[in-house]
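Hi,

Here is the structure I promised to pass along. Have a look at it first, and then read on for my notes.

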Amino acid sequence: MNEIPVFFLHGLAYAGLLFLVSAGLTLVFGMMNVLNFAHAAMYMLGAYFSYSIMMHFTGQFWLSLMVCPAILFIIGALIERFLLRRVHKFGHVQELLLTFGLAYIITELVKWYWGNYPLAVNIGGFLGSTIQIIGITYPVYRIFIFLCAIFVGTVMALILYKTRLGIILRAAVNDSEMTNTLGVNVPLVFMGVFAFGAALSGFAGVIAGPLLSTFPGMAQEILLDAFVVIVVGGFGSLGGAVVASLLIGQLQSFGVLLFPKLSIALVYLLMAVVLIIKPSGLFGEEQ
Amino acid sequence: MLEVRDIHSYYGKSHILHGVSLDLKEGELVCLLGRNGVGKSTTLKSIMGVVKPQQGSIRFRDQELTGKDPYEIARLGVGYVPEDRRIFRSLTVHENLLMGIKSGEKESVGEGGWTVERVYQLFPRLEERKNNKGSHLSGGEQQMLTVVRTLMGNPRVILIDEPTEGLAPLIVKDVLDMLVTVRKSGVTILMVEQNFKAAIKVADRFYIMSKGQIVFAGNTAALLAAEEVRKNYLEV
């Protein structure tokens, strides 16, 4: 009967990964009203960059964990500044199409450069080992993922609730036009948030590499779950992303254990129930 | 201090402002009157850069405002209080006030010298509720908060869109008293109103708009004398 704790821990690890992907997505959506379809493609780029870095500099996981988010930050900033900002004045549909197109382009580039097959990233050392926890032997790496998510979530919460920048960000989520008329350089804030979201997804990609395999379909795979997280949690709500990630992590994990054939449907069922009861999501602001 | 010359603004393809011109002198409280949908709010939005005029010029203390972003215009000393009391709902009252303070600005640009302490002194109701979420305030309190939030940036001129809309008569008086207080502190005010009776109590001069143009300009006495104008453009 060791299954329950194992699946519970699996759920936590997946929740951690989901949170890292969704946190940036929900902030960008809350603020800019852009549902960024390219978000998961950037997560995939993070995973592939990490693969290449670890091939060249054998086993440099930590290096990769620092460099990849930085590269994605720059890519994110460039996308916002030179593509999204220009399309913004034409409306949300066009912005959506742009991010959709970017997702395809990135996916094709990835296939062209790295190939259309799964790549394995092996992590050695302590992170690659197992430990005894609550009476079972469990991989350290999955616990590490969860700890990373807690760390990132804590840092984000401190910024959002304890700094002036945080007040500005939350205000911009509420009403970016009003924030602009109060003298805040909102275009710069948008660029920063978009870039930060990209960096975060890159970070998640590096972390996902050794857990799942690195392959061109990995973006699609996580994107739908991440969308469900931000819908269930409430658009623009970091706290909502935390709770929804935990819920969906467990649902996915125990779904596989209890109803293997229904596990994917369960996630959408949860989304439907939440939307019926509270259309703005668990922690969303009513409009 | 503010000269609007012949501006034309559009929402998409619809032509809203057809050559609006108006002037504001330092220390005045000027009211822009007119019926619904004649372009009053669009005039304020055009000055603030929220709507970009396609033609014409807006000069504020010898600086051209057209083409600038709202945040740049705000930093030059123009404050904007939009209609519908757009307070930040998920921020506390105190955080809403902090949002009004412009980043990177230590000294006040305006004469006002507005600080959080001073706001709380003048409007104790806001201090009582400082840790409440913005969404938990009453309509009147929200309106006060939007005005003082903008004041925190110490603007030289403040553009206010329908401050008394939807408020009970007693609260309307509170808000008007507040505007008089603000004006005494040296801030120039351009206010949009539909409520002519409220406006006449506080404003020095009036502009009346109809179909995207200014159709009347004059002081209180002139407006009271111009019965035809009032009948045609104000009274429903």
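Before anything else, a quick one to try by eye: is B:Arg86 buried, partly exposed or exposed? With a relative accessibility of 23%, B:Arg86 counts as partly exposed. Keep in mind that this is a predicted model, so every value below is computed from predicted coordinates.

I started with that arginine for its partner. B:Arg86 and A:Asp175 form a salt bridge through their side chains, at 2.5 Å from N to O. The arginine sits in the loop between strand 6 and helix 3 (93-100) of chain B, and the aspartate in the loop between helix 6 (164-174) and helix 7 of chain A, so this pair joins two chains. A:Asp175 itself is buried, at 13% relative accessible area. Salt bridges with shared partners also bring in A:Glu177, making one network of A:Asp175, A:Glu177 and B:Arg86.

While you are in that part of chain A, look at A:Asn180, which belongs to helix 7 (residues 176-181). Its relative accessibility is 11%, so it counts as buried. Leaving out residues up to four places away in sequence, A:Asn180 touches A:Val186 and A:Pro187, plus B:Pro70 and B:Tyr71 from the other chain.

How many salt bridges are there over all chains? The count comes to 14. Besides the one above, I picked out two within chain B:

- B:Lys52 and B:Asp69 meet at 3.4 Å, N to O. The lysine is in the loop between helix 1 and strand 4 (55-60) and the aspartate in the loop between strand 5 (63-64) and helix 2 (70-75) of chain B, so the bridge ties together parts that are 17 residues apart in sequence. B:Lys52 is partly exposed at 35%, and B:Asp69 is partly exposed at 22%.
- B:Glu141 and B:Arg125 meet at 3.5 Å, N to O. Helix 6 of chain B holds the glutamate and helix 5 (residues 124-128) of chain B the arginine, so parts 16 residues apart in sequence are tied together. B:Glu141 is buried at 9%, whereas B:Arg125 is partly exposed at 33%.

Now the sheet in chain B. It is an open one of six strands, in the order 6-7-8-3-9-10, with mixed pairing. Which strands stand at the edges? Strand 6 (78-81) and strand 10 (213-219) do; each has a single partner strand, so one side of each is left without a neighbour in the sheet. On average, neighbouring strands are turned by 15° against each other, ignoring direction.

Further in, strand 3 (residues 29-33) and strand 8 (residues 188-192) of chain B pair in the parallel sense over four bridges. One residue to click on is B:Cys31, whose bridge partner in strand 8 is B:Met191. Two helices of chain B pack on this sheet:

- Helix 1 (residues 40-48) touches strands 3, 6, 7 (157-161), 8 and 9 (205-210), and its direction makes about 145° with that of strand 7.
- Helix 6 (residues 139-151), the one with B:Glu141, touches strand 6 and strand 7, and its direction makes about 165° with that of strand 6.

Back in chain A, two helices are worth a look. Helix 1 (residues 3-32) has 30 residues and reaches 42 Å from its first C-alpha to its last, close to the 44 Å expected at 1.5 Å a residue. There is a bend of about 30° in helix 1 at A:Ser22. Of its 30 residues, 24 are buried, so helix 1 is largely enclosed by the rest of the structure. Helix 8 (residues 186-211) has 26 residues and should span 38 Å at 1.5 Å a residue; its end C-alpha atoms are 37 Å apart, which agrees. Helix 8 is also mostly covered, with 22 of its 26 residues buried.

Finally, a couple of backbone angles to check. A:Asn33 follows helix 1 of chain A, in the loop that leads to helix 2 (39-56), and has a positive phi near 60° despite being a residue other than glycine. It counts as partly exposed, at 41%. In chain B, B:Arg61 also has a positive phi, about 45°, and is not a glycine. B:Arg61 lies in the loop between strand 4 and strand 5 and counts as partly exposed at 37%.

Cheers

How values were computed: Residues numbered from 1 in each chain as written. Chains lettered and ligands numbered in written order. Predicted model: local features only at pLDDT ≥ 70, side-chain atom pairs only at ≥ 80, totals over all residues. Heavy atoms only, no water. Pairing = 2+ DSSP bridges. Axes fitted to C-alpha atoms, helices over the stretch in contact; angles between N-to-C directions. Contact = heavy atoms within 4.5 Å. Expected span 1.5 Å × (residues − 1). Bend = angle between axes of the 7 residues up to and from the residue. Buried < 20%, exposed > 50% of the residue type's maximum accessible area, 1.4 Å probe, protein only. Salt bridge = Lys/Arg side-chain N within 4 Å of Asp/Glu carboxyl O.
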